[in-house]
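Thanks, everyone; I would like to take a few minutes on how the parts of this chain are held against one another. Please have the structure open while I talk.

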Amino acid sequence: MGDAEAGSGTDGGESTFTVVVAAVANLGIAVAKAVAGLISGSSAMLSEAAHSVADTVTEVMLLAALKRSGKPADEDHPLGYGPERYIWAMLASIATFVGGAVFSIYDGVHTLVEGEELGDPLVSYIVLGVAFLLEGYSLRTGVKQVRREASRLRVPNAYYLRHTPDTAVKAVVMEDSAALTGLLLAAGGLLGGQLTGSGVWDGIASCLIGLLLVYVAWVLGRANAQLLIGRPLPAAMRSGVREELLSVPHIVEVLELTTLIQGPSEILIAAKIDFRDMATAAEVEWACEEAEAQLRERFPSVRRVYLDPTPGRAQWLRRGGS
C-alpha cells in the first residue's frame, strides 16, 4: 500500500465508537427479528435474527480485541499486545460462520424440504424497515471512518478497506454491508411467499443469507490469518524503507530487510546494514539513531527499529582473499 499502510493505524477511540454503534444496533435488531420471525413463521427472518446475534457476538469480541491489544508492552510481552487483536478478530469471524451462516443454511434447507406455514408478514416488514435504518446508520459510521482514513492517506476507499490492518473497522463495514443485503433478501423471501403462497422463496432467501455470511466469514478470517502469521509491509513501502536507510550517511547497503505489521499502528523494522568501512563506532551509533528518526518521521506507524551492523560482500571477499 506504499505510504498508505504506514499510517493506516486509525485512532483507537474512533474504532471503538464504530464497533459500539454496530453492537448496540445489532442487539436490538436481533430481538426484533426473532419476534417477527416467530410471528410470521418466516425462516428468512429467523436466519436474519441469527445473523444479527452473530454480528453482536462478533462486535463484543472486537471490543475485547481493541481493549486487550492496546495494553502497553511489559516484561512478559516486550513487543506489546498488538497481535492479540487479530486472535479475537479471528474468533469473531468464526462466530459469524457458526452462529449465522450454519444456522441460516440449515434453516433454509429445512424449510425447502419440510415447508413452512406462513403467518402475517406485516410485523416482519416493519422490523426489516427499522433494521435497515439502524444497520444503515451503523454502516454510515464505519464508512465515514474509512473515508476519513483513506483521504488522509490519499488512497481509494476500497483500496484502504481491502488492505487496512485495522480489522475491527473492516469487520464492521463488511458485516453491516452483508446485513443490509441480507435484509433485502429476507424481504424478497417474504414477498415471494406472500405472492405465491409457497415457503420455497423464504427457504431460498435463508440459504442465500447463509452463503453471504460464509463469504464474509471467509474474507475476514483470511485477513486475520495473514496478520497472525505475519504480514510484511507492501513492496512499495519496503522500497521506501530502503530508500530512507540508504539516505543516511555512513550506510552503504541494506543487506537484509525484515518488516512486520504488529497492529494497525505498530510496525517493526529489522535490517542487516553494511556501514562505511572507515566509520567509527560513534558514527555508526549516530547513523542508527538518524535512520530510526527518519523512518519514524516518514512512516508514523513505525514503533520498533532494529539495525544490525553486518560486513558487506566486499569485506567478505577481502577477508576470503587474505
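In this predicted model, the axes of helix H3, residues 43-69, and helix H7, residues 167-196, come within 10 Å of each other and cross at roughly 175 degrees. Since angles over 145 degrees count as roughly antiparallel, H3 and H7 are therefore roughly antiparallel to each other. If you follow the contact along H3, you will meet residues including Ala44, Met45, His51, Asp55 and Leu66, while the H7 side contributes, among them, Ala168, Glu175, Gly182, Leu183 and Leu190. What is the make-up of the contact of H3 with H7? The residues there divide into 11 nonpolar, three polar and four charged.

Let me turn to the salt bridges, of which a search of the whole structure finds six. As a reminder, side chains of opposite charge can pair when their charged atoms come close.

One of the six joins the side chains of Arg298 and Glu244, with a distance of 3.0 Å from N to O. This pair links distant parts of the chain, given that Arg298 sits in helix H10, residues 281-298, and Glu244 in helix H9, residues 235-246, 54 residues apart. As for their surroundings, Arg298 is partly exposed at a relative accessible area of 28%, whereas Glu244, with 14%, is buried. Arg298 and Glu244 also belong to a network, in which salt bridges that share partners join them with Glu243.

A second example is the salt bridge between the side chains of Glu266 and Arg304, at 3.6 Å from N to O. Here Glu266 lies in strand S2, residues 266-275, and Arg304 in strand S3, residues 302-309, so the pair ties together parts that are 38 residues apart in sequence. Are these two partners buried or exposed? Glu266 counts as buried at 18% relative accessibility, and Arg304 is buried as well, with a relative accessible area of 15%.

My last example stays inside one helix: Arg296 forms a salt bridge with Glu292, and their closest N and O atoms are 2.9 Å apart. Why are Arg296 and Glu292 separated by about one helical turn? Because they are four residues apart in helix H10, that is the separation that follows. Arg296 itself, at 32% relative accessibility, counts as partly exposed.

Note on methods:
Residues are numbered from 1 along each chain as its sequence is written. This is a predicted model: local features need pLDDT of at least 70, side-chain atom pairs count only at pLDDT 80 or more; totals for chains, interfaces and linings use all residues. Side-chain values use heavy atoms; hydrogens and water are left out. A salt bridge is a side-chain nitrogen of Lys or Arg within 4 Å of a carboxyl oxygen of Asp or Glu. Helices (H or I, at least four residues) and strands (E, at least two) are DSSP runs, numbered from the N terminus. Buried means under 20% relative accessible area, exposed over 50%, partly exposed in between (1.4 Å probe, protein chains only). Axes are lines fitted to C-alpha atoms, for helices over the stretch in contact, and angles run from 0 to 180 degrees between N-to-C directions. Angles under 35 degrees count as roughly parallel, over 145 as roughly antiparallel, 65 to 115 as roughly perpendicular and the rest as oblique. Contact means heavy atoms within 4.5 Å. Ala, Val, Leu, Ile, Met, Phe, Trp, Tyr, Cys and Pro count as nonpolar, Asp, Glu, Lys and Arg as charged, and the others, Gly among them, as polar.
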